[in-house]
Amino acid sequence: MGRFFWKTPGNPMAETYMGRTIAAGLDLFERVTRRYGKPEFGIETVMVGGERVSVEPRTVWRKPFCNLLHFRKGATPRYGQSRLLIVAPLSGHYATLLRGTVETMLPRHDVYITDWVDARQVPLTEGRFDLDDYIDYVMEMLRFLGPDTHVMAVCQPSVPVLAAVSLMSAEKDPNVPASMVLMGGPIDTRRNPTAVNNLAMERGTDWFRRNVIVKVPPPHPGIMRDVYPGFLQLTGFMTMNLDRHIDAHQQLFWHLVDGDGDSAEKHELFYDEYLSVMDLTAEFYLQTVDQVFVKHALPEGRMTHRGEPIDPSAITKTALMTVEGERDDISGVGQTQASHDLCTNIPDGKRVHYLQPRVGHYGVFNGSRFEADIAPRISDFIRSNPSAS
């Protein structure tokens, strides 16, 4: 009501400096206390070979905790468009955080992405969802898409994607992906540990179970489900770079006071996405903390999936590319590259590592350097390894 009063054209004080200042303060308060819903991808067209074509996202595979979206392009031949499955992180943000990643890869590839479901929206009757289920989902999606699919894991899913490909390779599954791109992922967090890694080691899994797990309240469909709330994950991310976020909101305040709509809109678009968070099932979150960050089960050779050992050395046909950011403060330099040491039977000609200078964690999969430097290298790698042979 206060914001409406100070912004309405009928208020003679609205266009005064005092009125704009009060309105800007109320705008800012409303933005930081609002609950943000799930954003839309909003990708309607894309340039392919110099021609703008329509894009229609369609759900082609559905499970209680994840949908598979296909960005179907209109009036373009499939020939030359390699099939790419992007596995988005299940770490508090929606898959739309990778909107820029999808837009960049669409002109060159036939793109699919995992659209994870907010755990507070899943009724208890749908059962549990843990790290083993995550790996099952990845394998099911790869089998659904068929042979010669390429998979890209962004951050957190690097571990379950590597596990899924290892299991499929051990079973000699004909749907094993042609190539696997792991980006800024915590394969071995003992290498160059970050504040995130150190916190997990210092606290231990039991501390997280006691302090960050809550039950979904009514009226959400997932009432009484144990979850790790998205707002806690968001708080952790923001406090890692708190000064930067405070400065950004101070700048937004003055943009609003000055009537600089373009600058304010850019800020709002970014934070509308960044502040949209989802809850994770408690069992998935705690198992990930325990296996990935505390016990280092995969690099130690002790990770299992439903009792079966996970052995990355079983991978022989899937090409491997790893990408890291020089300034990554979430997955330190070397943590993703460690997968090369585990995948000992991939031929040297089918593996590559790339370190992008002067980018942090989000710059690994989004932004100008991703578009100019990283994405072309990924596409070249995929074209160089068209099939799992």
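**Exercise 1: the core.** Find out how many residues the largest nonpolar core has and which of them have the most contacts inside it.

*Solution.* Start with the count: in this predicted model, the largest nonpolar core holds 96 residues. Next, pick out the ones with the most contacts inside this core: they are Ile113, Trp116, Met183 and Ile378. Now ask where the largest share of the core comes from: helix 4 supplies it, with 9 residues. Finally, zoom in on Ile378. Setting aside neighbours within four places in sequence, Ile378 touches Met105, Met152, Val181, Met183, Met321 and Phe370.

**Exercise 2: the sheet.** Work out the order of the strands in the open sheet, and say which strands sit at the edges.

*Solution.* Trace the strands across the sheet: 9 of them line up as 1-2-3-5-4-6-7-13-14, with mixed pairing. Then look at the two ends: strand 1 (45-48) and strand 14 (351-356) are the edge strands, each pairing on one side only. Going from one strand to the next, the twist averages 25 degrees. For a closer look at one pair, take strand 7 (residues 179-183) and strand 13 (residues 319-325): they run parallel and are joined by 5 bridges. Within that pair, Ser179 stands opposite Ala319.

**Exercise 3: helix 5.** Describe where helix 5 packs, then decide whether it is mostly covered or mostly open.

*Solution.* First, the packing: helix 5 (residues 158-170) lies on the sheet and touches strand 4, strand 6 and strand 7. Its direction makes about 160 degrees with that of strand 7. Second, the span: this helix has 13 residues and reaches 18 Å from first C-alpha to last, close to the 18 Å expected. Third, the covering: 12 of the 13 residues are buried, so helix 5 is mostly covered, with buried meaning under 20% relative accessible area. Among the buried ones are Val161, Leu162 and Met168. Last, step past the end of the helix: Lys172 follows, and its phi is positive, near 55 degrees.

**Exercise 4: Arg351.** Say why Arg351 counts as buried, and find what its side chain meets.

*Solution.* Begin with its place, which is in strand 14. Then check the accessibility: Arg351 has a relative value of 19%, so it counts as buried, the cut-off being under 20%. Now follow the side chain: one of its polar atoms lies 3.1 Å from the backbone oxygen of His340. To finish, list the contacts, leaving aside neighbours within four places in sequence: Arg351 meets Leu320, His340, Cys343, Thr344, Asn345 and Ile346.

Terms used:
Residues are numbered from 1 along each chain as its sequence is written. This is a predicted model: local features need pLDDT of at least 70, side-chain atom pairs count only at pLDDT 80 or more; totals for chains, interfaces and linings use all residues. Side-chain values use heavy atoms; hydrogens and water are left out. Two strands pair if DSSP finds at least two bridges between them. Helices (H or I, at least four residues) and strands (E, at least two) are DSSP runs, numbered from the N terminus. Axes are lines fitted to C-alpha atoms, for helices over the stretch in contact, and angles run from 0 to 180 degrees between N-to-C directions. Contact means heavy atoms within 4.5 Å. The expected span of a helix is 1.5 Å times one less than its number of residues. Buried means under 20% relative accessible area, exposed over 50%, partly exposed in between (1.4 Å probe, protein chains only). A polar contact is a pair of N or O atoms within 3.5 Å; within protein, one must be able to donate a hydrogen and the other to accept it, and residues adjacent in sequence count only if both atoms are side-chain atoms. A nonpolar core is a set of buried Ala, Val, Leu, Ile, Met, Phe, Trp, Tyr and Cys residues joined through side-chain atoms within 4.5 Å.
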